Amino acid sequence: MAKNSCPIIVSLVEVLLFTIISNAASSTDVISTICPKTSNPPFCSNLLKSSGITNIKGLAVYTLNLTHTNAKKSLTLANSLAKTTTNPQLNQRYSSCAESYDEVVGDIENAQKNLAIGDFNAVNIVTSGAMTEIDDCQDKFVQPPKDTSLLLKNGKTLNDICSIILVVSNLL
């Protein structure tokens with residue numbers, strides 16, 4: 001009996017290795033399809049590789065969830081900065097950014113709902129709206145006084161993730 005089980009074990013190992021290699025190849029194919037079309041291809045590649053997700057819809061869910069989480073953190077940060085800054089100009093900017101990030105959170109929640117019902121065009125539209133809101137916040141800090149918080153860096157990262165969502169939603 002032991003002699004007959006050896007070919008079966010070898011076959012199972014071969015199937016397992018083939019599956020692992022195929023999944024790695026499909027992950028690379030998906031990433032190489034998506035990332036060159038984004039605003040920050042190296043960021044995209046690192047983010048999607050670290051997710052371990054190999055299908056387009058899974059990546060859409062992942063990036064929308066990540067965007068939602070980070071937008072909520074940016075909203076909390078903007079509100080906190082508005083409450084604690086003593087500079088009236090920065091206060092006004094942070095308050096305005098808080099309003100923008102509140103809109104971003106709502107837009108991404110709508111995108112998540114649209115994805116769930118298969119309305120991929122709407123995912124694209126509301127994600128574009130979120131990017132506009134993020135840009136509106138970023139633009140407020142072109143002139144002095146300078147923002148030294150993480151708010152602008154967070155906004156750049158959010159826009160980079162949103163650009164991935166736009167590409168992914170066009171592939172669904």
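In the predicted model, Asn 40 is located in the loop that connects helix H1 (2-34) to helix H2. With a relative accessible area of 22%, Asn 40 is classed as partly exposed, because burial requires a value under 20%. When neighbours within four places in sequence are set aside, the contacts of Asn 40 are with Lys 156 and Asp 160. A further long-range relation links this loop residue to Asn 159: the two are separated by 119 residues in sequence, yet their C-alpha atoms lie 9.4 Å apart.

Both contact partners of Asn 40, Lys 156 and Asp 160, also take part in a salt bridge with each other, with an N to O distance of 2.9 Å. Side chains of opposite charge can pair when their charged atoms come close. A search of the whole structure returns 1 salt bridge. Lys 156 and Asp 160 are 4 residues apart in helix H6, and therefore about one helical turn separates them. An α-helix has 3.6 residues a turn, so residues three or four places apart point the same way. The two partners of the bridge differ in accessibility: Asp 160 is buried, at 5% relative accessibility, whereas Lys 156 is partly exposed, at 43%.

Asp 160 also belongs to the packing of helix H2 (residues 41-51) against helix H6 (residues 151-171). Two packed helices are described by the angle between their axes and the distance between the axes. The axes of H2 and H6 approach within 10 Å and cross at roughly 75 degrees, so H2 is roughly perpendicular to H6. On the H2 side, the contact involves Phe 43, Cys 44, Leu 47 and Leu 48, which meet Thr 157, Asp 160, Ile 161 and Ile 164 of H6. Classified by residue type, this contact of H2 with H6 comprises 6 nonpolar, 1 polar and 1 charged residues.

H2 additionally packs against helix H3, at an angle of about 110 degrees and with the axes 11 Å apart. H2 is thus roughly perpendicular to H3. Leu 47, Leu 48, Ser 50 and Ser 51 supply the H2 side of the contact, and Leu 59, Tyr 62, Thr 63 and Leu 66 supply the H3 side. The residues of this contact comprise 5 nonpolar, 3 polar and no charged. Leu 47 and Leu 48 of H2 contribute to the contact with H6 and to that with H3. Both leucines are among the buried residues of H2, together with Cys 44, Ser 45 and Ser 51. Immediately after H2, Gly 52 adopts a positive phi of about 75 degrees.

Helix H5 (residues 120-139) contains 20 residues and spans 29 Å from its first C-alpha to its last, close to the 28 Å expected at 1.5 Å a residue. The buried residues of H5 are Ala 122, Val 123, Asn 124, Val 126, Thr 127, Ala 130, Met 131, Glu 133, Ile 134, Cys 137 and Gln 138. The elements that cover them include helix H3 (56-84), helix H4 (88-117) and H6. Within H5, Asn 124 has a relative accessibility of 15% and therefore counts as buried. Beyond residues up to four places away in sequence, Asn 124 touches Leu 166, Ser 169 and Asn 170.

Technical notes: Residues numbered from 1 in each chain as written. Predicted model: local features only at pLDDT ≥ 70, side-chain atom pairs only at ≥ 80, totals over all residues. Heavy atoms only, no water. Axes fitted to C-alpha atoms, helices over the stretch in contact; angles between N-to-C directions. Helix = DSSP H or I, 4+ residues; strand = E, 2+ residues; numbered from the N terminus. Parallel < 35°, antiparallel > 145°, perpendicular 65-115°, else oblique. Contact = heavy atoms within 4.5 Å. Nonpolar A, V, L, I, M, F, W, Y, C, P; charged D, E, K, R; others polar. Buried < 20%, exposed > 50% of the residue type's maximum accessible area, 1.4 Å probe, protein only. Salt bridge = Lys/Arg side-chain N within 4 Å of Asp/Glu carboxyl O. Expected span 1.5 Å × (residues − 1).
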